[in-house]
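Reader: I keep meeting words such as pocket and strand pair. Could you show me how such labels are earned?

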Amino acid sequence: VNAKSMQRMLKVAGDLSFNSVTVDGDTSTNDTALFLANGASGAHLRSPSEEKKLAGLLQEVCSSLARQMVLDGEGATKHLTIQVSGAPTPLGAKTVAQTVATSPLVKTALFGQDANWGRVIAAIGRAGVKINPDKIEILFDQVRVAKLGARVPFNEKDADAVLKNRSLFLHIHLHQGRGRAVVQTCDMSIDYIKINADYRS
């Protein structure tokens, strides 16, 4: 595989996987993704369809590794997939998703199994994306907790059941465009504080 094609494939796969996950919002100087081909197998791509198939397989591998990174987050007890839709632009959707994903208040509410939509909407509001808060809709899995920017009645037992799951979805519908993005994150637990407080000792 020529280097130019590999770089293009890794850029797409990386943006949809490694660049769409976060544990605490920080980036290590050692965070690196490499896609290598030394030619030792003797195999060669012979057509655009084969290159497309390889790109798809690379995406599967990167997505799996990225998910495992989140599940293996320091002290993590929850895996959260944040799906933002209806943003003015794809970049706006990604910005909103990443802001929610890195919010300490959202992450601690997740650890406490609290369907606290107020913390979610506060993070959306400080994302720096121009939106109308009166159109926002928020769901934890299929449990709607906010619509038109305000709380809606919901069954607390249903919400509790969702928040007890190891993996769950947070759906944020902005209803203000066609931009979409997905970011994966984890909760922030007591063990996260202990691990990082004692890091050098």
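Author: Happily; let us go through the pockets and then the strands of this predicted model.

Reader: What makes residues such as Asp 26 and Met 69 part of the lining of the largest pocket?

Author: A lining residue needs an atom within 4 Å of a pocket point. The largest pocket has 26 such residues, and Asp 26, Thr 27, Ser 28, Asp 31 and Met 69 lie nearest its centre. Helix H1 (3-16) and helix H2 (48-71) each give at least two residues to this lining. The volume of the largest pocket is about 860 Å³.

Reader: Which classes of residue line the largest pocket?

Author: Its lining has nine nonpolar, twelve polar and five charged residues.

Reader: How do you know that the second largest pocket has no charged residues in its lining?

Author: Asp, Glu, Lys and Arg count as charged. The lining consists of Val 1, Ala 37, Asn 38, Gly 39, Ala 40, Ser 41, Ala 43, His 44, Leu 45 and Leu 54. That gives six nonpolar, four polar and no charged residues, because His and Gly fall among the polar ones. This pocket holds about 190 Å³ of space.

Reader: Why are strands S1 and S5 called a pair?

Author: Pairing takes at least two bridges. S1 (residues 79-87) and S5 (residues 167-173) have seven, in the parallel sense, so they count as a pair. Val 84, for instance, stands opposite Ile 172 in S5.

Reader: What makes S2 and S5 a pair?

Author: Four bridges join S2 (residues 137-140) to S5, so the pair qualifies, and these strands run antiparallel. Leu 139 has His 171 in S5 as its bridge partner.

Notes. Residues numbered from 1 in each chain as written. Predicted model: local features only at pLDDT ≥ 70, side-chain atom pairs only at ≥ 80, totals over all residues. Heavy atoms only, no water. 1 Å grid on protein atoms, 1.4 Å probe; cavity = no way out; pocket = protein on both sides within 12 Å on 5 of 7 lines; lining within 4 Å. Points joined across faces, edges and corners; volume = space filled by probe spheres on them.
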